[in-house]
Amino acid sequence: MDHVLGVLAPHLRALVELAAHDGHMTDAAAALGVPQSSMSRRIHALESELGVPLLIHSGRAVRLTRAATDLAQGVRRPLGEIESVVDAVTGRGDPEHGTVRFGFPLTMGSGQVPDLLAEFRRRHPGIRVLLKQAHGSALTADLLSGELELAIVIPPPDRARHTVIGRQMIRAVLPADHRLAAAGGVSLAELAGETFIAAPADYNIRRLTETWCRQAGFTPDIAFEVTEFATIRELISRGLGVSLLPADERTPPGVAEVPLDDAEHSRPIALAWGGSVEAPATRLLSRFLSDAFV
C-alpha cells in the first residue's frame, strides 16, 4: 500500500488523465497542471515499474495500449476516491480550483442546464467543468465506472447515490398546423391514430410513451426512431408526426408544445454522484444545482 500511494499514485493519475484526453499528452499535462516533460516521465516511470508497455508512438501522436486503457479504467474510480478523501480530511482541497466531470441528459441540452452552467462559471471561474451528454443508463454507467463525478440523471439511478431535485414535465409536441396545436391541453386518447416519432426503445422517454399510450387505450404507431431530440422536433416541424417530449423553453419554428391534461405526465430529475466522497469543486457544483432546482 505504501508503495502504491507514495510511488505509483502520481504515475497512475497521469495515466488516467492521458486516457481521459485520448492520448493527447499536452492536454493531459495541462489538466494536471504539470509540464509535458513531467507527464512523459511519469508515464515512462510507470511502464518501467510495471514492466508493461503503455504507449504506442505513431509519428507525433501517442496511443494507449490495451493494457494502459484497462489499467486507467480500473484505477480511475478508486484513485479519485482516495484523492477526495485525502483532500477532505486534510483541508487541502481548493474548492475554487479543480475539475468536475459532469453529465446531463440529452433532453436538457437547451434552456435550464446550459443557463445554470453559465451562471456557475460566472461565480466560480477557476473550476473546469468537463461535460458529457447521454441518456440515463449511459450516465449511470459512467458514474459507476468513475468516468463522471456528478450527473443529472432521468430517471433516478438504482445503483448510484442520488437525490431527487425536481420533475421534468412531458408535453405533446405537434406540427404548428396540427388540428390540436392551438388547444390549451390535449388528452393522450386524442392522439390515437397519429404517426409518432420516438426515441429508441431503450430510452426512458420511449418506454413512458408506450406505457402512457397503452393506458389511454391505444398502441402508438411509431414510424421513426431518432436518438437526437432536436432532430425529432425538426421532423415534427415538417409534418412527419407527433411525439411526447420534455418541455423545451426554446421550441423551434413550426412546432407546438401542448400540455397533456388527462393526468400529470412527468418524470423525476435526480442529481447523482459517482463516489461516496465529493471533491471540494464537485461539492460546489452539486450544491449549486440542488439549490437551483428547488
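Phe288 is a good place to start: with a relative accessible area of 10%, this residue is buried. Its ring pairs with that of Phe120, which is buried as well, at a relative accessible area of 1%. Keep in mind as you look around that this is a predicted model.

**Aromatic pairs**

- Four aromatic pairs are found in the structure.
- One of them joins Phe120 and Phe288, whose rings are 5.5 Å apart from centre to centre, with 55 degrees between the planes.
- That geometry makes the Phe120–Phe288 pair tilted.
- Phe120 belongs to helix α5 (residues 112-123) and Phe288 to helix α9 (residues 280-293), so their pairing ties together parts that lie 168 residues apart in sequence.
- Phe196 and Phe218 form another pair, and it is tilted because the ring centres are 6.3 Å apart and the planes stand at 40 degrees.
- Here strand β7 provides Phe196, while Phe218 sits in the loop between α7 and β8 (221-225), so the pair links parts that are 22 residues apart in sequence.
- Is Phe218 buried or exposed? Phe218 is buried, since its relative accessible area of 11% falls under the 20% cut-off.
- Phe196 also counts as buried, at 1% relative accessibility.

**The cavity**

- Searching the whole structure for cavities of 30 Å³ or more turns up one.
- The volume of the largest cavity is about 40 Å³.
- Phe196, met above in an aromatic pair, is also part of the lining of this cavity.
- Its neighbours in the lining are Ile197, Ala198, Ala199, Ile205, Arg206, Thr209, Ser243, Leu244 and Leu245.
- Which elements each supply at least two residues of the lining? They are β7 (195-198), α7 (204-215) and β9 (243-246).
- By residue type, the lining of the largest cavity has seven nonpolar residues, two polar and one charged.

**A pocket to look at**

- The second largest pocket holds about 320 Å³ of space.
- Its lining is made of 17 residues, and those nearest the centre are Ala19, Ala20, His21, Asp22 and Glu147.
- Two or more lining residues come from each of α1 (2-20), β2 (61-64), α4 (66-90) and β4 (127-134).
- Seven nonpolar, four polar and six charged residues make up the lining of the second largest pocket.

**The chain as a whole**

- The chain has nine helices and 11 strands.
- Measured out along the principal axes, its C-alpha atoms fill a box of roughly 70 × 40 × 30 Å.
- How many residues does the chain have, and what share of them is buried? There are 294 residues, and 45% of them are buried.
- Of the contacts between residues at least 6 apart in sequence, 73% join residues at least 24 apart.
- The chain exposes about 14300 Å², of which carbon and sulfur atoms supply 51%.

**One loop residue**

- Ala279 can be found in the loop between β11 (266-273) and α9, the helix that also holds Phe288.
- With a relative accessible area of 24%, Ala279 is partly exposed.
- Ala279 and Leu50 are 229 residues apart along the chain, and 29 Å separates their C-alpha atoms.

Definitions and conventions: Residues numbered from 1 in each chain as written. Predicted model: local features only at pLDDT ≥ 70, side-chain atom pairs only at ≥ 80, totals over all residues. Heavy atoms only, no water. 1 Å grid on protein atoms, 1.4 Å probe; cavity = no way out; pocket = protein on both sides within 12 Å on 5 of 7 lines; lining within 4 Å. Points joined across faces, edges and corners; volume = space filled by probe spheres on them. Helix = DSSP H or I, 4+ residues; strand = E, 2+ residues; numbered from the N terminus. Nonpolar A, V, L, I, M, F, W, Y, C, P; charged D, E, K, R; others polar. Phe/Tyr/Trp six-rings, centres within 6.5 Å; stacked < 30°, edge-to-face > 60°. Buried < 20%, exposed > 50% of the residue type's maximum accessible area, 1.4 Å probe, protein only. Contact = heavy atoms within 4.5 Å. Areas by Shrake-Rupley, 256 points an atom, 1.4 Å probe, with all protein chains shown as cover.
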